[in-house]
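Trainee: Please take me through the surroundings of the bound ligands in detail. I should like one connected account of that part.

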Amino acid sequence: MVSVEIVVGLLYSSVSLLTPILLAGLAELLVERSGILNLSLEGAMLVGAFTAFMVAFYTGSLGYAMLAASIAGVALCMLFALLTITLALDQMVTGLALNLLTIGITSYFYRASFGWYVSPIPPHVETTLQPVEIPVLSQIPILGKVLFNHLPHTYAALALVFLSWWLLFRTESGLKIRAMGEDPQTADYLGINVNLTRYALLVLEGGIAGIAGALLSIGYYNMFLDNMTQGRGYIAIALVILSRWNPLLLLGAAFIFSFIDALQLRIQAFNVPFLPYQFALMLPYLFTIVLLLVAGRKVKGPASLGKPFKKSR
Amino acid sequence: MLAAELKKITKVYPGGIVANYEVDFDLRKGEVHALLGENGAGKTTLMKILSGCLKPTSGFIYVEGERVEFRSPSDALRKGIGMVHQHLTLIPTMSVLENLRLGLVGQRFDMRRMLTEVEDLSRTLGFKVRLDSPVYALSVGERQRVEILRLLLSKARILIFDEPTSMLCGPEIDRFLALLKSLSYKGYSIVLITHKIREAMHVSDRITVMRMGRVVATLDKDEVRDESYLVELMVGERLVPAVANARPSHSKEALLTVKNLVVNDDRGLCKVKGVSFELYAGEVLGVAGVEGNGQKELVEAIAGLRRPVYGEIIFERKNSYSGRMNYIPAERMELGVAPTLSVAVNSVLRRFDDEEFVERGNFLNFSKMNEFAKRVVSFMNVRTPSLKTPVKYLSGGNIQKIIVGREILTPSEVLIAEQPTAGLDAKSAYQVRKALSELASKGVGILLVSSDLDEILELSDRIAVISDGKIVKIFEKEEADPVMIGSYMLAGEGLGHNVRATVSTD
Ligand SMILES: Nc1ncnc2c1ncn2[C@@H]1O[C@H](COP(=O)(O)OP(=O)(O)OP(=O)(O)O)[C@@H](O)[C@H]1O
Ligand SMILES: [Mg+2]
């Protein structure tokens, strides 16, 4: 007999696990709609996680930590923008290279600050981000518990889903973004400033990705670990494809993913015999592949996604 | 008063091609100024400079007497300069409405006003556009109409049209030209690039002729003695004679049989509604009709690009080597060439199953490829720096020449020619018509789809009129008469009285 408690708990942690992936995914979705494939999303999350932890550790201020994390994310994405937009380098290669770079840099500076031998009890911050209970709504039975006692970022992410859908499909800016994702040359001829818009979107993505990363180190945990993001950025990108570049579908896809993630955490905790925990760990990723096979096969993205655009003038 | 002026414009493309050399060009307020010149003369380049799409290597631009420097097309738009490009610039996945909307970015926007304006314009021009249809489902001619509408909707006062009528049919061209004229009376200044001299003579106040990157003459219309004089200025030769259409009468051996063909378009709407005909060896069968009446889908089905819903297409290879069906598509850039590959590769693009070019099924024979490419280039007089040049760096007409040359020189049993001369200069168009006629005398069956009724009348042995997805009449050459054909074209259509934009959103 599965008790209500367990289900509520499971759903609650799904929603809370959802937040960083949804945030990162939404930002990437907007960027991809404009025709840029930014794999360095993963790296931006990682520098966000690292920077947030360091600032929180040394200043004790979570506010500064979040701010610093988003600045770090922006900085990385601007580097990416410089290389891929201004210099028109290959986006895929640049993104991957930057990710490897961030893994190295964060691990290096972590050790440079805390010693080369990581002690059995890693350094941690005293206070972490706290959920905010929404007054009346959180009293609703079940739903209140599942939805209305989360980090402020969760609420922001949910709002952002609708906001970005509205931006893309109901505003002129959205029309411009989609046009340049299909054909930047045509967009340019129509008087749209392609490169500037893409830069702006990458600033947005960097900021959001940095915050999403920070949620890991000072929200759900209280410490930083090597390569802490563990491919969440990549997963966000996969979910963007799965959602056919539609924010509303992204919410669904991200929720299913985090639900399975939450489920596999329980499975690990229950220590099911004959089922090594590595198997449970694998589940969400396996699910992503299966879902891509089923739903993502005939999906066509923005026509110029990932292609360098050089104005010939 | 000059609306715009270009002074001593030189444009050297990366790679060293001099497309414009010390060109002076001016546009008076309220005039229609035709820009003529053979393929590759530099017309598009010059106008892209005026619209801010290209930066001149040297030279000056003045708008309303004021010196300007455009860093991007949006700078030019702000000065009221807009352009319809030769290669279409619509977003295929977006709807017609969204594409029209894109032409108005940065301006105050009112959906209801735009819809009324679209409807008014479409009525004046006799265009029929479904606003909710995605652009990819439209034929090239229909896309051209959308593009024209988009520029007319924008607030530009200087309108540049780069071969806007290449895919329109007779009555539509007349209406379009009449609209240009009336716009010029309202104070709009218009540049019209065209290869149709009659069009230029009909509508323009002045005519500028370019050749090899330079302006050879700017004339008031009254100064032009006759059309052949213009041709001489353009290509340095006297006017070409019309194609003598004296072919041996064709056999009754059917090469291609189409039976009860039903074809849907990309949206699943039925576009070809039960078409049957036979194409005989050695004949040119012209297909006449207003764009959007199923020609695109019919041709795509025959060419194997689209699966018919119902019916049969029987094509028997009589001869194992030349027993193929060649195809000159109207969608040049999308279906005709691989834009980033070289002239040489594009010349043999459809022959990679051919022993001559691919030995032992895998190894490319470059010398043979180059040899054939050279034949294509010299046959069609393609202007290209080298065989290695990517075709996207050629002028629009020269790209077209490569496609046509390739399809004509590659042995075939049946040739589907869709708008084969659209975008070609007078001399090249003549060359192509002659070549098609010769092919037919050699026994090739040619299906000619063209919006140019004169071309169809000139070349065809029989003329099938398509209207609303059905072949309403097949004329023998002797009984064909433009007025009759025209009335059949409009039979299922009623162009002229109840044409209006179908306005529906979402
Ligand atoms: N992007 C480009 N890069 C290099 N060379 C180019 C480019 N575009 C055009 N050219 C060259 O510049 C010359 C002029 O081209 P342009 O397109 O202006 O001709 P055009 O008069 O418009 O001809 P058409 O009637 O065929 O359209 C041609 O020789 C062409 O090969
Ligand atoms: Mg041109």
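Mentor: The magnesium ion (ligand 2) has two protein donors, Thr44(B) through OG1 and Gln86(B) through OE1, which lie 1.9 to 2.1 Å from the ion. Donors here are N, O and S atoms within 2.8 Å of the metal (3.2 Å for Na, K and Ca), and sites may look incomplete because water is not among the atoms. The pair links distant parts of the chain, 42 residues apart: Thr44(B) belongs to helix H1 of chain B, while Gln86(B) sits in the loop between strand S6 (81–84) and helix H3 (96–102) of chain B. Helices (H or I, at least four residues) and strands (E, at least two) are DSSP runs, numbered from the N terminus.

This is a predicted model, in which local features need pLDDT of at least 70 and side-chain atom pairs count only at pLDDT 80 or more, whereas totals for chains, interfaces and linings use all residues. Residues are numbered from 1 along each chain as its sequence is written, chains are lettered from A and ligands numbered from 1 in the order in which they are written, and side-chain values use heavy atoms, with hydrogens and water left out.

Gln86(B) also concerns ligand 1: a polar atom of the Gln86(B) side chain is 2.8 Å from an oxygen atom of ligand 1. For Asn39(B), the corresponding separation between a polar side-chain atom and an oxygen atom of ligand 1 is 3.0 Å. In His195(B), a side-chain N or O atom lies 3.1 Å from an oxygen atom of ligand 1. A polar contact is a pair of N or O atoms within 3.5 Å. The protein buries 91% of the 630 Å² that ligand 1 exposes when taken alone (Shrake-Rupley method, 1.4 Å probe). Helix H1 (43–50) and helix H13 (396–409) of chain B are the elements that give two or more residues to the shell around ligand 1.

How values were computed
A polar contact is a pair of N or O atoms within 3.5 Å; within protein, one must be able to donate a hydrogen and the other to accept it, and residues adjacent in sequence count only if both atoms are side-chain atoms.
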